[in-house]
Amino acid sequence: MREIIFDTETTGLDSRDDRVIELGGIELVNRFPTGKTFHHYINPQGRPIHAEAQAVHGISMADLAGKPTFAEIAEEWLAFIDGAKLVAHNATFDVGFLNVEFGRLGHPVIDNGRVVDTLALARRKHPMGPNSLDALCRRYGIDNTRRTKHGALLDSELLAEVYIELIGGKQAALILDSATAPAQGSENVRQIEITISQRPAPLPPRLTETERAAHAGMVATLGEKALWLKVLGN
């Protein structure tokens, strides 16, 4: 199973007028990072960055001078996410911006069926919150001290760790099977053989003779076709 954990930074909050200025993502296969990443700063083509947005991500217009436009990186992004589930925190925001950008280029929008929203997962698992990315990092003991500002690639890396915790992926990725079973999943998943041995001596019965006799008397009242007669070997 291939998944892309991704994040965007934008010039503001209105996807109809604002633009994506940073896009980052990392690849997971069977819930393990493969080391493949995507990251670009993107020129907003004259759209100014709102002061409130810049305070969050720290990206200025000067930082974006000479960077590619969204049109110039769109095909690379589409190739990177091809066939994968897309995972984002508050995915409606990020997907909404990407869909508007794709719409400007005449590309089909992203199918919501392939999108996983970790904010929705977190709200179901931790209904009392808080469920921001920073709060979830604190909850799961994930080091986010590098996150002094929002950044698409760094946030994707942190979100990948949070996502695995939210879905119990560390436990789910461990295959418990016999040594003769065929290998499954990623080559990073180690297969373990478990041998279940018999007890050296059977456990003593927990029913007393009085209880056994009472049960036999009850079964005798059920008739010749009672299922309990088969259990008792009659």
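Rings of Phe, Tyr and Trp (the six-membered ring, for Trp) pair if their centres lie within 6.5 Å. By that yardstick, F6, F38, W77 and F80 are linked into a cluster by ring pairs. Bear in mind that this is a predicted model. Besides the aromatics, there's a set of annotated positions to look at, taken from a UniProt record.

**Aromatic pairs**
- The structure has 6 aromatic pairs.
- One of them joins F93 and F97, with 4.9 Å centre to centre and 50° between the planes, so the pair goes down as tilted, being neither under 30 degrees nor over 60.
- Both F93 and F97 sit in helix 4 (residues 91–105), 4 residues apart, or about one turn of the helix.
- F93 is partly exposed at 25% relative accessible area, while F97 is buried at 2%.

**Annotated binding site**
- The UniProt entry, which is unreviewed, puts the feature "binding site" at D7, E9, E52, H57 and D155.
- From that set, D7, E9, E52, H57 and D155 turn up in the lining of the largest pocket.

**E9 and D155 up close**
- E9 is part of strand 1 (residues 2–10), and its 6% relative accessibility makes it buried.
- Skipping neighbours within four places in sequence, E9 has contacts that include R19, E22, H57, H150 and D155.
- D155 belongs to helix 7 (residues 152–166) and is buried too, with a relative accessible area of 4%.
- With the neighbours within four places in sequence left out again, D155 touches D7, E9, L133, R147 and H150.

Notes. Residues are numbered from 1 along each chain as its sequence is written. This is a predicted model: local features need pLDDT of at least 70, side-chain atom pairs count only at pLDDT 80 or more; totals for chains, interfaces and linings use all residues. Side-chain values use heavy atoms; hydrogens and water are left out. Helices (H or I, at least four residues) and strands (E, at least two) are DSSP runs, numbered from the N terminus. Buried means under 20% relative accessible area, exposed over 50%, partly exposed in between (1.4 Å probe, protein chains only). UniProt positions are given in the numbering used here, feature names are shortened, and annotations may be inferred rather than shown by experiment. On a 1 Å grid over the protein atoms alone, a cavity is a set of points where a 1.4 Å probe fits but cannot get out, and a pocket is an open set with protein on both sides within 12 Å along at least five of seven lines; lining residues have an atom within 4 Å of a point. Contact means heavy atoms within 4.5 Å.
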